[in-house]
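Good morning, and thank you for making the time. I would ask everyone to have the sequence and the model open while I speak.

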Amino acid sequence: MATATAGRQLSNQQLVEVLNLIKGADSVELKLTIPESDHRATATALELDPIDAQIRQVYFFDTPNLTLNKNGLVVRARRVQGKGDDSVIKLRPVVPHEQPAGLRKSPNFVVEVDAMPGGYVCSGSLKYALPTPDVRATVAGNRPIRKLFSKEQRKFFADKAPEGIALDDLAILGPIVVFKLRFAPKGFGRKLVAELWNYPDNTRILELSTKATPSEAMQVAAEARAFLSERGVSLSGKQQTKTKTCLEFFSAQLKAAGNGN
């Protein structure tokens, strides 16, 4: 099974596990969370220009007690500057070869391994590019939540969600404003992505990432680690999960407001 660990090193068993997951995945995303105290130094070292960043507004949907997240489901919709709205329903952890053949054949379904220092998780994501920009109207209460998701996604949700929970019953958790910057740093032969997630309590998460095919994942990981180390980027900071941090923040807000049922 896919897993995640808080430790700095993977055990031999976990290493075998993640390699098997990578073989069956469609892609691998290598991630690194930068400590907040190092944000400015990292931006300087990598010559990040915030003017080039794309603005995103991210909403999650769950119960106030995060029942979906506790059952491995993430339901999300986004507004993306210059691109339009999209949505995703994600299940994690998953084992690639255990996914239904029909689902794996869908062009909208992706199995991806997220790997970070000391941890990894394999997820299956069913994505949808909305034909019209409806996220804003939906979170304002003018459209039902289910309309943000395709028929394929709604069936996937019905199959995986705990009994008795419908999309239209979910609470809105968000928004989070995200600045996403794709860049090609000098001395590194591929593109990196920097995402800065800005939380309402003024805390921030900066994540660096790059994607790789399963066959090249280990080589890319080694090259990225060497490049970032040479630039003085911290590789030993506590790794934070953007989604988990967001869900927990807004869940606490709902409970404080008396909406914790």
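I shall go from the overall fold to the barrel, and then to two individual residues.

Let me state at the outset that this is a predicted model. The secondary structure of the protein chain consists of 8 helices and 9 strands. The C-alpha trace spans about 50 × 40 × 35 Å along its principal axes. For a chain of 261 residues, a compact globule would be expected to have a radius of gyration near 18 Å, and the protein chain agrees with this because its own value is 18 Å. Of the 261 residues, 47% are buried. The protein chain exposes about 13500 Å², and 50% of that area is supplied by carbon and sulfur atoms. If we take the contacts with a separation of 6 or more, 67% of them are between residues 24 or more positions apart.

I turn now to the sheet. In what order do the strands close into a barrel? The order is 1-5-6-4-3-2-7-8-9, with mixed pairing among the 9 strands. On average, neighbouring strands of this sheet are turned by 30 degrees against each other, direction ignored.

Some of the individual pairings deserve attention. Strand 2, residues 54-62, runs antiparallel to strand 3, residues 73-80, and 6 bridges join the two. Within this pair, V58 stands opposite R78 of strand 3.

Strand 6, residues 119-129, has antiparallel pairings with two strands that I would like to describe. With strand 5, residues 109-116, it shares 8 bridges, and E112 stands opposite S123 of strand 6. Strands 5 and 6 form a hairpin with 2 residues between them, and G118 in the turn has a positive phi of about 85 degrees. With strand 4, residues 84-91, strand 6 shares 6 bridges; here L91 has G124 as its bridge partner.

Next, the helices that lie against the sheet. Helix 7, residues 217-230, lies across strand 1 (27-34), strand 8 (192-198) and strand 9 (204-212), and runs at about 20 degrees to strand 1. Helix 8, residues 242-256, also packs on the sheet, where it touches strands 1, 2, 3, 7, 8 and 9. The direction of helix 8 makes about 150 degrees with that of strand 7, residues 171-183.

Let me come to the two residues, beginning with A129. Is A129 buried or exposed? A129 has a relative accessible area of 62%, and it is therefore exposed, the threshold being over 50%. Its strand presents another picture: 8 of the 11 residues of strand 6 are buried, so the strand is largely enclosed by the rest of the structure. Beyond its neighbours within four places in sequence, A129 is in contact with D85 and D86. The C-alpha atoms of A129 and V95 are separated by 25 Å, the two residues being 34 apart along the chain.

The second residue is E195, which is found in strand 8. E195 has a relative accessibility of 11% and so counts as buried, since the cut-off is under 20%. Which side chain does the side chain of E195 meet in a polar contact? The partner is the side chain of W197, at 2.7 Å. Leaving aside neighbours within four places in sequence, E195 is in contact with V178, F179, K180, I205, L206, E207 and K242.

That concludes the presentation, and I welcome your comments.

Methods:
Residues are numbered from 1 along each chain as its sequence is written. This is a predicted model: local features need pLDDT of at least 70, side-chain atom pairs count only at pLDDT 80 or more; totals for chains, interfaces and linings use all residues. Side-chain values use heavy atoms; hydrogens and water are left out. Two strands pair if DSSP finds at least two bridges between them. Helices (H or I, at least four residues) and strands (E, at least two) are DSSP runs, numbered from the N terminus. Axes are lines fitted to C-alpha atoms, for helices over the stretch in contact, and angles run from 0 to 180 degrees between N-to-C directions. Contact means heavy atoms within 4.5 Å. The radius of gyration is taken over C-alpha atoms; the globule rule is 2.2 Å times the number of residues to the power 0.38. Buried means under 20% relative accessible area, exposed over 50%, partly exposed in between (1.4 Å probe, protein chains only). Accessible areas come from the Shrake-Rupley method with a 1.4 Å probe; for residues, only the protein chains shown count as cover. A polar contact is a pair of N or O atoms within 3.5 Å; within protein, one must be able to donate a hydrogen and the other to accept it, and residues adjacent in sequence count only if both atoms are side-chain atoms.
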